[in-house]
Amino acid sequence: MADTVLYEVSDGLATITLNRPEAMNALNVATKVALRDAVESAADDGAVRAILLTAAGDRAFCVGQDLKEHIGLLAADRETGSGQTMSTVREHYNPIVRALAGAAKPVVAAVNGVAAGAGFGFALAADYRIVADTATFNTSFAGVALTADSGMSWTLPRVVGPGRAADLMLFPRTIGAQDAYELGIANRLVPAAELRAEAEKVARSLAEGPTVAYAALKEAMAYGLNHSLEETLEKEDELQTRAGQSEDHSIAVQAFVNKEKPKYLGR
């Protein structure tokens with residue numbers, strides 16, 4: 001894994017840190033490969049019970065595609081006729097978003113600064129976004145004559161509604177942290193100096209929680225967005241049966257009866 005992305009697992013929490021602060025954590029090819037590998041590793045690792053996605057520096061979470069590298073790759077495509085540059089969506093962005101959104105464990109994004117383009121998309125793919133009061137968001141795509149990627153055509157309308165999503169996509173502009181909070185993009189707004197500590201606190205609390213139940217909640221909410229009430233009720237029955245058979249459910253019930261704090265095992 002390249003040092004443009006740092007990966008650490010501690011007490012059930014996988015922390016993934018974008019580590020190109022000098023480039024505002026822009027996504028060059030090496031970073032995209034490393035981020036994809038890190039996110040997929042965290043999603044697949046049974047010892048990982050929660051994921052924290054964050055970024056180095058205080059200016060940017062991620063400004064999206066590294067356009068300096070992108071220009072060179074486009075020029076090479078024109079010379080060879082290969083058209084390989086835009087395969088990054090299939091090879092990098094899509095697997096990253098699938099792993100974040102589909103992980104059977106909670107994913108927290110700590111947004112410390114600018115989140116633009118794919119950076120914004122990755123934040124939206126997380127289950128919970130803790131945002132510094134200095135952070136900003138921008139869809140960016142139309143500004144460089146591109147359409148949405150990194151799952152944003154699916155996530156953004158579901159977070160802010162179709163009308164607001166169309167406005168933000170067609171007229172890309174900087175959205176401040178307070179506006180992001182009011183739109184529902186930010187779940188929690190904190191002073192910039194407190195972001196990392198607050199994000200770690202939240203992520204660690206989720207890593208110590210009932211992992212099977214969290215996975216079922218993620219699956220239920222994603223399912224309910226695209227299915228009828230009757231189908232969703234059937235899915236809830238299926239998932240509740242699974243959660244009810246977990247060790248954590250038995251632990252929680254016993255702890256409740258004993259008036260104790262449950263110590264979950266994540267299974």
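Two residues are in contact when heavy atoms of theirs lie within 4.5 Å. The exercises below use this idea on a predicted model.

**Exercise 1. Find which residues A99 touches, leaving out those up to four places away in sequence.**

Step 1. Locate the residue. A99 sits in helix α3, residues 88–102.

Step 2. Apply the contact rule. A99 touches V39, E40 and A43 once residues up to four places away in sequence are set aside.

Step 3. Classify A99 as buried or exposed. Its relative accessible area is 10%. Buried means under 20%, so A99 is buried.

Step 4. Compare sequence and space. A99 and A125 are 26 residues apart in sequence. Their C-alpha atoms are 9.0 Å apart.

**Exercise 2. Describe the surroundings of T54 in strand β3.**

Step 1. Strand β3 covers residues 50–55, and T54 is in it.

Step 2. The relative accessibility of T54 is 3%, so T54 counts as buried.

Step 3. List the contacts, not counting residues up to four places away in sequence. T54 touches T15, I16, T17, L18, F61, A110 and R196.

Step 4. Now take a pair. T54 and L168 are 114 residues apart in sequence, and 24 Å separates their C-alpha atoms.

**Exercise 3. Decide whether T232 is buried or exposed, and name its contacts.**

Step 1. T232 belongs to helix α10, residues 229–244.

Step 2. Its relative accessibility is 14%. The cut-off for buried is under 20%, so T232 counts as buried.

Step 3. Beyond four places in sequence, T232 touches Y223, G224 and H227.

**Exercise 4. State what is notable about phi in A145 and K259.**

Step 1. Recall the usual case. Most residues other than glycine have a negative phi.

Step 2. Read the angles. Phi of A145 is near 60 degrees, a positive value. Phi of K259 is near 55 degrees, also positive. Neither residue is a glycine.

Step 3. Place them. A145 lies in the loop between β8 (136–138) and α5 (152–160). K259 lies in the segment after α11 (247–258).

Step 4. Check accessibility. Exposed means over 50%. A145 has 70%, so A145 is exposed. K259 has 80%, so K259 is exposed too.

**Exercise 5. Find the residues that touch the most other members of the largest nonpolar core.**

Step 1. Start with the general trend. In soluble globular proteins, nonpolar side chains tend to be buried together.

Step 2. The largest nonpolar core has 49 residues, and I16, L35, V111, F122, F137 and L156 touch the most other members. Another core, of 14 residues, lies apart from it; among its members are A50, L52, A199 and V202.

Step 3. Look closer at F137. Leaving aside neighbours within four places in sequence, F137 contacts V111, A115, F120, V131, R173, T174, I175, A180 and I185.

**Exercise 6. Work out why the protein is called as compact as a globular protein of its length.**

Step 1. Survey the parts. The protein has eleven helices and ten strands.

Step 2. Compare two values. The radius of gyration is 19 Å, and the globule rule gives 18 Å for 267 residues. These are close, so the protein is as compact as a globular protein of that length.

Step 3. Add the spans. The C-alpha trace covers about 70 × 40 × 35 Å along its principal axes.

Step 4. Add burial and contacts. Of the 267 residues, 44% count as buried. Among contacts with a separation of 6 or more, 68% join residues 24 or more positions apart.

Notes
Residues are numbered from 1 along each chain as its sequence is written. Side-chain values use heavy atoms; hydrogens and water are left out. Helices (H or I, at least four residues) and strands (E, at least two) are DSSP runs, numbered from the N terminus. The radius of gyration is taken over C-alpha atoms; the globule rule is 2.2 Å times the number of residues to the power 0.38. Buried means under 20% relative accessible area, exposed over 50%, partly exposed in between (1.4 Å probe, protein chains only). A nonpolar core is a set of buried Ala, Val, Leu, Ile, Met, Phe, Trp, Tyr and Cys residues joined through side-chain atoms within 4.5 Å.
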